Structures are given as C-alpha cells and as structure tokens.
Amino acid sequence: MYVAAAGVELALGIVLLPAWLIAAVTTGLQPGRRTAGRMRRMSRIALVLVCVALLLTAARLVVYGLLALHGWVFVGDRRLFTTFVMLLPAVIATTVWTVPWLASAARVRLPDPDAPVPLEEQSRARSPRHVVPPRLAAFGGLGCFAQMFLPPDRSFWISLGAYGLITAAVAGLLVRRADARLQRLLTGREIPRRRALAVRLGTAVVVLGTVVGLVNYGIAGSRLPHTFSMMKGEADWGGGVAGPHHDMAGGHHMTGGADEVSVDTLRGPTSGTPDRRFSLTAQAKKVKLASGKTVDAWTYNGQVPGPPLRVTEGDLVEIKLRNELPGMTPVTIHWHGVDVPNGEDGVAGATQDAVLPGQSFTYRFRVEESGTRWYHSHQAASEQVDRGLFGALIIEPKTQPRPVDKDVSVLAHDWQTDKGTVPAIGALDELERRRAEPGEKVRIRLTNTSGSTREFAIDGVPYKVTALDGTDVYKPTALKGKKLVLGGGNRMDVEFTMPDGPVRVTYGSAPDAGIVYSPDGKGKLKADLSGPEFDPYSYGSPKRTELGPDSDFDRDYKLVFDEWLGFYNGSFGLKQTINGKVFPDTPMLMIKEGDLARTTFINRGNEDHPMHLHGHHMLVLSKNGKRASGSPIWQDTVLVRPGEEVQVAFKADNPGIWMDHCHNFWHSKLGMVMHLAYDNVTTPYEIGGPVGNKPE
C-alpha cells in the first residue's frame, strides 16, 4: 500500500501546482471583465477551478493519513513543512475569503448583463483578500518540488522557521502587489505601457539569471574532490543522528584511547601453505549467451560468470588477481558475505588501491564460516559487475554437509548485449533441460547478482529453503508455489528430492528461460510466478542466539533512506540519501570492538534498498515493529522495501573500516554509501588519485 500511496501523493503534488496556478490566474482575471455578464461567467469558471484545486489538496491530505499509518517518519520532515506551512494556510484563506466571494459573484442577478461593472464592484473584486490566497496556494504548490530539491534539516525549528519565513515573505509581496493594483484602479493612475513592459522584461532576466546561476552553482558545488579520504564523513556515535564532522585524511579522528591500527595490518596470514590456491585474471572478451546474443564482457578468466570457487571451512585460501583489462581500467575483488580481515575486503580506496592493468594483487585469508557466497569487483561496480566481473564462492562446512546428488549455483544476471538487455541464469538466456533421476537430492543456490530485487520460483515439487545468505535455516519446512524474493546481493539455498516428473527453476525476469530437470532430460513445465511471496520472518523454528531484541546495546543507529532530486558529482538526478545526506557526507557509524549494535533501517523512498554491511553478519530482529518469529535470520545484505522499517543487530568483532551501502550499485553511485568505522582504525588509501579508486 505504501508504494501506491506514495505514488498517488507524488502525482497529486505535481498536479497541484498547475491546478492552483490556473485557479489563481482565472481568479485574477475575474475583476478585469468589462461587463457584468462577463464578470459573472468568469466568477463561475474561477469558482469551479478553485474547488477542483481544493479537492486535489484534500485528497493529498488523505493520502498523507495513509502514509502516516506506516509511521510518522514517512510524512514528517519530508512532507510536513512544504504542505502544512507553504500550502495549507493559503488553502484555508482561499476557503474562507475567495470561495464565498466567487460564489456570491456567480449567483448575482443582473438586470443588464452588458452594463459596465461599477467601480465599487471592481474594487471589491480586486481586494487582496480575494485574489492573493489562490496565488499564495500556487506558490505553495511548489512545495512538492521543494521537498525533492531540499533535503530535510535536522532541526525541526530551523525547518519550520525557514519555510515559514519564505512563505510569509511571498505572501507579503503578493499582498503589496495586489494592493498597489487596487490603488491604481481607485485613483485612475495606470503604469505606462513601456514601463510595464520594461519591468516584466527585467523580472524575466533576473529570474532566468538566477536559475542559470543556481544551476551552475549546483553543478560546481556538487563535484567530488579529485582525491579524498574514505573517512571523510560525519561521525555518528550511536544516537542515530550524525554528529561532528571529521576528516581522517588529515589525521583527525575519534578514538577510544586505543593505539591506531592501519587497515594494512589487518590482513590474513602471511605464512603457511594455502589449502586452496586460485588465480583470477580480469580480461575483456566477447561472450556469447546460449541464444547467441553477444556481450562485450569483462570477465574473470575469460568466462561469465567467473569460475566457481569451492573451498572448505577452515581452509587458508590464496587468490591472485591479475588485471589484463584494456586502457586504464583498475579492478578489485570483494568477497561478498565472507567476514575476511579488513585488509582483504577488496574495496578500492578503503582497504586497498585498485589493481591497474598489468599489475596483480594477492588475497589471503582463512575462511571461518560456510555457505553460499559470491565474489565481485568493488571498483566502479555499477559498470564492472554489470559487465561480468563476478562469480560463485561456495564454502563447504567442516563437518559433514547434508548429502546432495546435484549442487547447482544459479547466478541470475541482466546482460547488456548487442540485442539490448537480456536477463539470464549465468549465460543461459534460453530454457535448458537437464537430467535428474527420481529420488536424487538437489540443492539450488540462488544468487541475485543484479542490483534490483528479483523473483524466483521452483515448480513441480515441494522444497525447503535451507539457507539465507549462506546461513542455515533452523528446521525448515516444506513449501510449494511460493515466490522467492531476493534483494541485490542476496542468496537463498533451496533443496528438494527429485520426483518422477519435471521440476523447473525460473528466474522471474527471464520466465522463458530457466532450468527444467526431468528423468529423461526432455521434460516440459510452465513457469508459475503467481504464488504468494515467501516470508522468511516466520519460516523455520526459533532458537537461542548470542544477541537478540532484548540485548543491552552499546550503539543504536537510525538510518532513513530517501531520494531527492538535485546535483551530485556534477550531474543532475535522483540522489539516493541516508539521513538526508549523500556520500561522502553520510553518517559515519563509529564503534568499538566488542560493542553490540542495533540499526533501524527506514525506507521512505520509492525503491528497494538491499543494505550490505561488509565484514559482519546482521541478525534481523523485526520488520515494521513485528519481531521475527521463525528461524534466526543472519544476513550480510538486508532488503528494505519502500514503507518498511527493518531492525537488525550485530556484534563488532571484526576491526576495520567497513563499507555499509545499498547493493544496488546505481544507488551507491548516486550517494547511498556510508561506513562502519572502528574508532582506532585508519586507512592510508584515498578515493580517486592516480589509481582512480571508485569504491561503489
């Protein structure tokens, strides 16, 4: 309901400006009619238009009430001031003064419709109390656009005062102008035509010059520095509101008295023979999908997705990355969902410099967990992951895993091909049929490599969801006909026993593709994505965890996600904000090792935000105030949909400077990036510079 209400609210806001502007212009024309009959007709037209604008305003207030059902934050500073301060007083004045006057003028009986309008009637019609309220309401209609261009201020009273003073000033100017016109009517003095034209022309030049100046100022002021520290941001010590500004590039930072630690020292073991050793080479290559469509891909080892990496819990793993991409395209590898030491996290500009063509970088870490993970570039990821720099990472448990006969990684991706955007499972953009014998155990590891939320379905067999983001579900139960929803970066393990008939795995964005298993390898089964959504919050059985909703938290963060029209890094667009800010001015979440932290994610925008915290796993506590009642949900990426409030908790047990960002990389590119910083950790790396670090 939230998305629909927010869409209606936006549409009404856009319509209100022209509705009130037309009503104001018509009301202003009413006094200028030369005959009584024309004046009465114009009064009727103006009355209808004003009433339409009033009804649209009332409808918007009703929609606000629907949005408020999700919580006050969804209508608060984003909508409150622009509507209730800029628009509502003018609407009330229009209802009290303008509407009765227009209604009276529309009903008057005319002995001679062609008779001139008496001066007394003209002066009453030009009264500021009659003509100004609709004009002020038209100005208030700009509030819909103001609420998108102007982020909320953290102070209620500053916002109230600013909007109130601006509205009062505009009201004063409108009253003064209307009163001057009335006085000219009463005295018979008119402004010479040339002077009036000069005033209008001068006003237009001033307005146009102001607009051009503001645009140029916005473009120049929004450009990010060529080089700056990842630690440039606002410190938040746990109260949920950004605190004092600091810039660790200059060595000024907050500490808890501990000695400084550089991310360069937070690395994996430097000695010992690796249990598993891999080599990944970033290369440009034209790749054909199953249908023959061609992708100008960037690949690891010449294939898309990159080669699957399989290791075992407890292994010492070594991966050598070499860059052979064209030009000056640097690259990294981030191990999504793996709580590696900070220096191995692969974030350009925070934990390392991106690897330039012709160079290499070696990652070494011991895996202390198991489950479905994946790897991808964290350098200009909105482009590099889209073009193919990703692959599956499977960590087998040290203890005996659940035996399966088929273990399949399904990496759903949207490719940019010579025929346009093509959704596929890996490189499969057509239906593929595979053999599976009845009674065989099958595990499907679903991974959403896209930034947008995606849907999947398993048809033809009951199945269990056995893991979320690689963490096992406790006592899963059988499901059938559900729609499986994954945010960007999320994973979900599904297991089933092969029946006598066909089973289909479907990626919702490519319903004509997918995988069909059958005993003879020729099975047919229609995709069905019409089922209800799977609810992970009530699935499985609860069990004790080391922290929970009633834990004693040392940090308590509140993060509100939104979008605002404006300039960012020299371009105009829909900025993706956290607490009204975009990177690098987003909140810096400061923490000490050993702290327990609780974070409340609130999405009052119109797009999904899969929030990914590097280096930690978050326990999902509740959604929209309702506690999770099923198996504990431990995730590295938590999907927060429009109108939702999701609360998570985690333990600060992995020192470093960790990205915490929306895993829709296009949102990261537009500013939805922040960091979790341990109070004694510093980084020598910078964004930009000669390497061109872009840690989106």
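1. Let me start with the rings: the structure, which is a predicted model, holds 13 aromatic pairs. One of them joins Phe 228 and Phe 583, and it counts as tilted because the ring centres are 5.9 Å apart and the planes meet at 45°. Phe 228 belongs to strand β1 (residues 227-229), while Phe 583 sits in the loop between β25 (571-578) and β26 (587-591), so this pair ties together parts 355 residues apart in sequence. Both Phe 228 and Phe 583 are buried.

2. A second pair worth a look is Trp 335 with Phe 365, also tilted, at 5.5 Å centre to centre and 55° between the planes. Here strand β9 (residues 334-336) supplies Trp 335 and strand β10 (residues 360-366) supplies Phe 365, so the parts tied together are 30 residues apart in sequence. Trp 335 and Phe 365 are each buried.

3. Do follow that pair outwards. Trp 335 and Phe 365 belong to a cluster linked by ring pairs, together with Tyr 300, Phe 361, Tyr 363 and Tyr 375.

4. Now to the empty space. Searching the whole structure gives four cavities of 30 Å³ or more, and the second largest has a volume of about 40 Å³. Trp 335 and Phe 365 turn up again in its lining, alongside Phe 278, Leu 309, Val 311, Val 317, Ile 319, Val 367 and Leu 393. The elements giving two or more residues to this lining are β7 (306-312) and β8 (316-324). By class, the lining has nine nonpolar residues, with no polar and no charged ones.

5. One last contact to check on your screen: Arg 387 places its charged end over the ring of Trp 298, 4.1 Å from the ring centre.

Key:
Residues numbered from 1 in each chain as written. Predicted model: local features only at pLDDT ≥ 70, side-chain atom pairs only at ≥ 80, totals over all residues. Heavy atoms only, no water. 1 Å grid on protein atoms, 1.4 Å probe; cavity = no way out; pocket = protein on both sides within 12 Å on 5 of 7 lines; lining within 4 Å. Points joined across faces, edges and corners; volume = space filled by probe spheres on them. Helix = DSSP H or I, 4+ residues; strand = E, 2+ residues; numbered from the N terminus. Nonpolar A, V, L, I, M, F, W, Y, C, P; charged D, E, K, R; others polar. Phe/Tyr/Trp six-rings, centres within 6.5 Å; stacked < 30°, edge-to-face > 60°. Buried < 20%, exposed > 50% of the residue type's maximum accessible area, 1.4 Å probe, protein only. Lys NZ or Arg CZ within 6 Å of the ring centre and 35° of its normal.
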